[in-house]
Amino acid sequence: SDRGSHSDRVSAGYEAKPLVSSLTMSIGEYLDSAQAGPSHGRRCLYLQQSVLQAPADGSVQQGALLPCAGLGEGMRRDIGSGIDLQAVRALAEAGGFGPWQRCQLFVGGASAAGARSILHFDQYDNLFVQISGWKRFRVYDPQQTRCLYPFPIHHPLDTRAQVPPPLRRPTDR
């Protein structure tokens with residue numbers, strides 16, 4: 001079975017228009033499109049790929065994650081030799097994160113310049129590593145959740161806010 005498509009979501013009768021669309025393309029096609037930028041009606045593209053995940057039976061022993069289905073041999077080799085998993089585990093432990101569940105790769109190019117994520121929360125602890133460029137995070141106190149107008153539980157968008165936050169604080173100039 002494809003563990004990557006597993007979902008524990010409950011529909012509860014809600015319907016929602018998808019916020020993003022998904023395209024299947026080769027890495028070469030993605031790189032060509034991403035380098036071209038968002039001009040001439042091109043879409044904002046970024047690559048999101050699950051790379052490692054917990055075993056299907058949920059037994060994460062010593063933080064061991066397995067490569068996800070569909071990864072090429074080169075990516076599997078790079079994961080095995082190019083990522084210091086002990087260092088990542090040490091950072092996660094120092095941060096007091098819960099059990100390691102998965103590792104995702106996000107890649108943006110010129111076509112993702114200026115892209116923004118809508119206000120949301122992640123269901124897993126995060127360790128964010130930026131290779132180049134910059135990213136701004138706005139973090140809210142969990143006690144303020146109700147003020148962010150979340151969608152109801154079991155709604156397809158229940159990890160997101162119904163209204164966007166202001167782009168600036170009143171003190172920003």
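Student: Which element of the protein chain has the lowest mean pLDDT, and which the highest?
Tutor: In this predicted model, helix α1 (residues 27-36) has the lowest mean pLDDT, 78, and strand β2 (residues 66-67) has the highest, 84. The protein chain averages 75. Over residues 1-6, pLDDT stays under 50.

Student: What makes Tyr30, Ser33 and Ala34 of α1 count as buried?
Tutor: Buried means under 20% relative accessible area. Tyr30, Ser33 and Ala34 are buried in α1, so each falls under that cut-off.

Student: Why are the buried residues of α1 said to line one face of the helix?
Tutor: Seen down the axis of α1, they fall within an arc of 100°, so they line one face. These buried residues pack against β1 (46-53) and β3 (102-108). The face turned away from the buried side carries Asp32 and Gln35, which are exposed.

Student: How do you know that β1 and β2 pair?
Tutor: Pairing needs at least two bridges between the strands. Two bridges join β1 to β2, so the condition is met. In one of them, Leu52 has Pro67 of β2 as its bridge partner.

Student: Why does one side of β2 and of β3 have no neighbour in the sheet?
Tutor: The open sheet has the order β2-β1-β3, with antiparallel pairing. β2 and β3 stand at the edges with a single partner strand each, so one side of each is left without a neighbour.

Student: What makes up the largest nonpolar core?
Tutor: That core has seven residues, among them Leu52, Leu71 and Trp100. Leu71 touches Val51 and Ile79, among others.

Conventions:
Residues are numbered from 1 along each chain as its sequence is written. This is a predicted model: local features need pLDDT of at least 70, side-chain atom pairs count only at pLDDT 80 or more; totals for chains, interfaces and linings use all residues. Side-chain values use heavy atoms; hydrogens and water are left out. pLDDT is the predictor's confidence in each residue, from 0 to 100. Helices (H or I, at least four residues) and strands (E, at least two) are DSSP runs, numbered from the N terminus. Contact means heavy atoms within 4.5 Å. Buried means under 20% relative accessible area, exposed over 50%, partly exposed in between (1.4 Å probe, protein chains only). The arc is that of the directions from the helix axis to the C-beta atoms. A nonpolar core is a set of buried Ala, Val, Leu, Ile, Met, Phe, Trp, Tyr and Cys residues joined through side-chain atoms within 4.5 Å. Lists of a residue's contacts leave out its neighbours within four places in sequence.
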